[in-house]
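Please look over the sequence and the model below before you read my points. They deal with a pair of aromatic rings and then with a pocket.

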Amino acid sequence: MSVKLVQDIMVKDVVTISSFNTLREALSKMKARKVKSLVVEKQDEHDAFGLVTYTNILKTIIAEEGDVDLINVYDIYIKPALTVHPNLSINHAAKIMSKYKVKRLIVTSGNELCGILTIDDLIADTLKLID
């Protein structure tokens, strides 16, 4: 059996957002694209990608009573987000997720966005083995 790589199962059509957008705009984009996270765009070529998730947003607007129109993505997003190379084996990617207790990894090559790998992608791929 050949080694399965991140590029084999990652989502290539990544939904991105600017850190200057409001949480309402982030939620609208998530709803429209049916995703639970957005990759936050770099500000320049030497910057790092970030990540904003439903969980970040919900904690802010529910637990902290934040206003979705007054709070921007940059107030709550995770930066730098963990990144992996597309040629990394999915076994190593799963170990990284487990070790750092994250559900998503941004996939980059040469500091350019290639995709996103989620725990759901790994589970779906694993379930194919039992069919």
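1. A residue is called buried under 20% relative accessible area, exposed over 50% and partly exposed in between, with a 1.4 Å probe and protein chains only. On that scale Tyr74 is partly exposed at 40%, while Phe20 is exposed at 55%.

2. This is a predicted model, in which local features need pLDDT of at least 70 and side-chain atom pairs pLDDT 80 or more, whereas totals for chains, interfaces and linings use all residues. Residues are numbered from 1 along each chain as its sequence is written, and side-chain values use heavy atoms, with hydrogens and water left out.

3. The structure holds one aromatic pair, formed by Phe20 and Tyr74, which meet edge-to-face with 5.8 Å between centres and 70 degrees between planes. Rings of Phe, Tyr and Trp (its six-membered ring) pair if their centres lie within 6.5 Å, and planes under 30 degrees apart count as stacked, over 60 as edge-to-face and the rest as tilted. The two residues are 54 apart in the chain, Phe20 in the loop between strand E1 (16–17) and helix H2 (23–33), and Tyr74 in the loop between helix H3 (54–63) and strand E4 (83–84). Helices (H or I, at least four residues) and strands (E, at least two) are DSSP runs, numbered from the N terminus.

4. On a 1 Å grid over the protein atoms alone, a pocket is an open set of points where a 1.4 Å probe fits, with protein on both sides within 12 Å along at least five of seven lines, and lining residues have an atom within 4 Å of a point. The largest pocket holds about 700 Å³ of space, and among its 28 lining residues Ser37, Thr53, Lys103, Arg104 and Thr118 are the closest to its centre. H3 gives the largest share of this lining, four residues.

Technical notes: Points joined across faces, edges and corners; volume = space filled by probe spheres on them.
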